[in-house]
Amino acid sequence: MEMELETAFTPWASLTGGVLIGLSAVMVLGLFGRIAGISGITKGFLGTVLPTPGTPRDRDWRLAFLFGLMAAPLALMLVGGTVSQAVPSNLFGMAVAGLLVGLGTALGSGCTSGHGVCGLARLSRRSLAAVVTFMAAGFVTVFVLRHVLGGA
Amino acid sequence: MRIALGFLSGLVFGLGLVISGMSNPAKVLNFLDLAGTWDPSLAFVMGGATVTAFIGYRLVWHRRAPVLETRFDVPTNTRIDRPLILGAALFGTGWGIGGFCPGPAWTALPLLAPGTLVFVPAMLAGLWLGARASSLGILAPKGATQ
C-alpha cells in the first residue's frame with residue numbers, strides 16, 4: 001500500500017522458515033489426517049463462536065493450532081529473537097483487504113497454505129489453478145496500487 | 001494430547017512464518033512488486049515448504065491412518081470451477097492490498113498493530129459471508145455440489 005520500504009533478500013532464513021511450515025503441514029497430516037489450511041482452520045474456529053456453514057467437527061486441535069500460531073512471535077521474542085514487521089497503516093485499505101481475503105478463501109476453499117503448500121505437495125491440479133490465480137491477482141493488485149495509482 | 005499436538009503444530013507453522021519473513025506484510029508486498037522493490041525471498045518460503053511437505057506427505061501415506069484419527073481426510077474435489085477461480089482472484093487481490101494471508105494475520109495479531117486489528121475481524125467477517133454464500137450455492141455453477 002503506501003509503504004514501499006525495501007526489505008532485505010533473506011534466502012536462508014526464508015528457506016528455513018519454509019521447511020518449518022512444510023514440517024507443520026506434515027505433522028497435521030500425520031497426526032490428524034488433515035490438510036494444514038489456515039483459512040479452513042480459521043473457519044473451524046469461526047464455527048465455535050457463531051453458526052458457520054460447512055465447518056468441520058474436529059475443532060479441538062484447530063483452535064489449539066491457532067493459539068500455536070499466535071504464540072510463535074511471542075515465543076521467538078521470549079528467547080531474544082526480533083520479530084520485524086511493517087503492517088500497512090491505511091485502515092480502510094486493511095478492512096477491504098481483510099474482507100477480500102476472508103471472502104476469497106471461503107469461496108475458493110483455501111489460501112496460501114491449503115492450496116499453496118499442501119495442495120501443490122499433493123500435486124492437485126485444482127490447487128495449482130488456485131495458486132496461479134491468486135498469485136496473478138496479487139502481482140496485478142500491487143502493480144496497480146504502486147505503479148499505476150501510486151505514481152511511484 | 002490432541003490439544004497439545006495441535007498447539008505444537010501451530011507453533012511450528014507460526015515460527016516458520018515469522019522466521020521466513022512471510023509474517024511481515026512489507027516483505028510479502030515487495031515479493032508481489034515485480035516492477036519495484038522486488039524481494040524474491042518468499043519464493044524460497046514456498047519452495048522450502050512445498051518440497052518438505054511433498055516428501056513428508058509421501059512418508060506419512062505409508063501409514064494406514066493418521067496417529068490421532070481413524071482415517072485421512074483430504075480434499076477429493078478435483079474440479080476447477082467458478083467459485084475456485086473467483087475466490088482465488090478475490091483472495092489474491094486482498095493479499096496484494098494488505099500483504100496478509102490468513103496464517104500471517106494470526107501470527108501478527110499478538111503484536112497488535114492497528115492494521116492487523118482491523119484486518120483480522122474483517123477477514124473473519126469475509127470468511128463467514130463466503131461460507132454462507134457457498135452454502136447457499138449463490139456462485140456455484142449448475143450441478144456443482146460445492
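**Reading cavities and domains**

Guide: The second largest cavity holds about 30 Å³ of space, and since everything here rests on a predicted model, let us begin with that cavity and work outward.

Visitor: Which residues line the second largest cavity?

Guide: Rolling a probe the size of a water molecule over the atoms shows where empty space is left. Here the second largest cavity has a lining drawn from both chains, with A:Thr112 and A:Met135 on the side of chain A, and B:Met22, B:Phe31, B:Leu42, B:Met46 and B:Trp95 on the side of chain B. Sorted by class, that lining divides into 6 nonpolar residues and 1 polar residue, with no charged residue in it.

Visitor: How many cavities of 30 Å³ or more does the structure hold, and what is the volume of the largest cavity?

Guide: There are 2 cavities of 30 Å³ or more in the structure, and the largest cavity has a volume of about 90 Å³. Its lining is made up of 15 residues, and those nearest the centre of the cavity are A:Thr112, A:Ser113, B:Phe13, B:Leu17 and B:Met22. Helix H5 (112–121) of chain A gives two or more residues to this lining, as do helix H1 (2–20), helix H3 (41–60) and helix H5 (102–108) of chain B. The lining of the largest cavity comprises 12 nonpolar and 3 polar residues, and no charged ones.

Visitor: Where does the largest cavity lie with respect to the domains of chain B?

Guide: The largest cavity lies between domain 1 (1–74) and domain 2 (79–146) of chain B, because both of these domains give residues to its lining. The centres of the two domains, taken over C-alpha atoms, are 18 Å apart, and 9 residues of domain 1 of chain B are in contact with 10 residues of domain 2 of chain B.

Visitor: What elements make up chain B, and in which box do its C-alpha atoms fit?

Guide: Chain B has 6 helices and 0 strands, so to speak an α-α-α-α-α-α run when it is followed from the N terminus. Along the principal axes, the C-alpha atoms of chain B fill a box of roughly 45 × 40 × 30 Å. Among the contacts in chain B with a separation of 6 or more, 49% join residues that are 24 or more positions apart. Of the 146 residues in chain B, 55% are buried, while the accessible surface of the chain comes to about 6,300 Å², 68% of it belonging to carbon and sulfur atoms.

Visitor: Is B:Thr52 buried or exposed, and why?

Guide: B:Thr52 counts as buried because its relative accessibility is 16%, and the class requires a value under 20%. This residue sits in helix H3 of chain B. Leaving aside residues up to four places away in sequence, B:Thr52 touches A:Val19, A:Gly22, A:Leu23 and A:Val26.

Visitor: Turning from cavities to pockets, how many residues line the second largest pocket, and which lie nearest its centre?

Guide: The second largest pocket is lined by 13 residues, and A:Ser84, B:Val18, B:Ile19, B:Gly21 and B:Lys27 lie nearest its centre. About 180 Å³ of space lies in this pocket. The largest share of its lining, 3 residues, comes from H1(B), and by class the lining has 5 nonpolar, 7 polar and 1 charged residues.

Key
Residues are numbered from 1 along each chain as its sequence is written. Chains are lettered from A and ligands numbered from 1 in the order in which they are written. This is a predicted model: local features need pLDDT of at least 70, side-chain atom pairs count only at pLDDT 80 or more; totals for chains, interfaces and linings use all residues. Side-chain values use heavy atoms; hydrogens and water are left out. On a 1 Å grid over the protein atoms alone, a cavity is a set of points where a 1.4 Å probe fits but cannot get out, and a pocket is an open set with protein on both sides within 12 Å along at least five of seven lines; lining residues have an atom within 4 Å of a point. Grid points are joined across faces, edges and corners, and a volume is the space filled by probe spheres set on the points. Helices (H or I, at least four residues) and strands (E, at least two) are DSSP runs, numbered from the N terminus. Ala, Val, Leu, Ile, Met, Phe, Trp, Tyr, Cys and Pro count as nonpolar, Asp, Glu, Lys and Arg as charged, and the others, Gly among them, as polar. Domain bounds come from an automatic or database domain assignment. Buried means under 20% relative accessible area, exposed over 50%, partly exposed in between (1.4 Å probe, protein chains only). Contact means heavy atoms within 4.5 Å. Accessible areas come from the Shrake-Rupley method with a 1.4 Å probe; for residues, only the protein chains shown count as cover.
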